[in-house]
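Could you walk me through this two-chain model, one question at a time? I would like to know what to look at and how far to trust it.

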Amino acid sequence: MTPDMTKDTTGDAGGTNLDSGVRFRKIDSLAIAGIALALVVAMTVPADALQGEVQRLMYVHVPSAWIAFLAFGVTAFASGAWLRTRQMSWDTLAAASAFVGVFFTATALAAGMIWGKPTWGVFWTWDARLVSTALLFVLYLGYLALRRATPDPIDRARRSAIMGLIAVFQVVIVYQSVDWWVTLHQQSSRGSIDPQLRLSLWVSVFAFTVVYIGLTSRRKALIEAEEELRVRQMRGTAVAGDAVQAPDLGEELHA
Amino acid sequence: MLSFLLQSGQIENEWSWVIAGYLIVYGAMFGLTAWLWTRLNKVRRQLDREQ
């Protein structure tokens, strides 16, 4: 059901556009079905006894954060795979996954702030979990900026692979921040969550995972198509350049 | 429906936070998917023209 995200999806290979179009449609259908199911379950499970209805924000906040962690983990894995194999599709996967990871970090922060206001009384506080998540967001924005600032594909892949492997440690810091420091953010509720609420959470996680696969596949295809277009345009420029004849200065130089 | 929406607009209503959160997260998801879809189609059309 899930696509091989390291596979070439540019329009260069014959029929690949069509294949990726069909694949995208399958993922989109699954994502829409997953989101619809997640919405129904999230809105119909009983509200939390302490927090009331606002606790339903957990079903978008927590999956967003988990999928961001997954995305940055995939970036680190693909970065390591590029350093080992030097196959550009790994580099493209790392870039696409980091882009989607930044997006999910932003949605986790936004949903968390909206949840924070009615429960803590503030949208933002200088809490270890919140600050470390904001740092994670900025760190991977830096990763994307580094990619844009490096025009040579090999240099870009090497530099971003090293950064992708280092930056993933911030994910560990974010995850452990509620245990390492005294925080306003609640600690991990592993095992202590009501079975109905847990089921709803897992349905949302499933839906978000499918959305992640769809977004990453599409972003990867876009990066590859843009690269292909850039290469073709450069080739076109080179052909025009070859047609320009340099003046023969041989005789003048010998004179 | 209108009274529900008006009520949801009030900060005191817990559902207003839930609706705001879901609108932002799912709206952003659909927005990003639409942007990627449009951009990918545009680049592929350019590639087809270049062939």
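Below are some questions and replies about this predicted model.

Me: Happy to start with the basics: how are residues, chains and ligands labelled, and which pLDDT do local features need?
Reply: Residues are numbered from 1 along each chain as its sequence is written, while chains are lettered from A and ligands numbered from 1 in the order in which they are written. As this is a predicted model, totals for chains, interfaces and linings use all residues, side-chain atom pairs count only at pLDDT 80 or more, and local features need pLDDT of at least 70.

Me: What pLDDT does chain A average?
Reply: pLDDT is the predictor's confidence in each residue, from 0 to 100. In chain A, 84% of the residues score at least 70. Chain A's average is 87.

Me: Where in chain A does pLDDT stay under 50?
Reply: Where pLDDT is low, the predicted coordinates should not be read in detail. The model has 20 contacts beyond four places in sequence for this stretch, a contact being two residues whose C-beta atoms, placed from the backbone, lie within 7 Å. The stretch is residues 7–15.

Me: Which helix gives the most residues to the largest nonpolar core?
Reply: A nonpolar core is a set of buried Ala, Val, Leu, Ile, Met, Phe, Trp, Tyr and Cys residues joined through C-beta atoms within 7 Å. The largest one has 67 residues, with A:Ala71 among those with the most contacts inside it. Helices (DSSP runs of H or I, at least four residues, numbered from the N terminus) giving two or more residues to this core include helix H2 (14–50) of chain B. The most, 16 residues, come from H3(A).

Me: Is A:Gln170 buried, exposed or partly exposed, and why?
Reply: A:Gln170 is found in helix H6 of chain A and touches A:Leu135, A:Leu136 and A:Leu139, not counting residues up to four places away in sequence. A residue is buried if 20 or more other C-beta atoms, placed from the backbone, lie within 10 Å of its own, exposed if 12 or fewer, and partly exposed in between. Because A:Gln170 has 18 other C-beta atoms within 10 Å, it is partly exposed.

Me: How many residues of chain B are in contact with chain A, and how many of these are nonpolar?
Reply: On the chain A side, 30 residues are in contact with 23 residues of chain B. Ala, Val, Leu, Ile, Met, Phe, Trp, Tyr, Cys and Pro count as nonpolar, Asp, Glu, Lys and Arg as charged, and the others, Gly among them, as polar. The side of chain B that touches chain A has 3 polar and 4 charged residues, and its nonpolar residues number 16.
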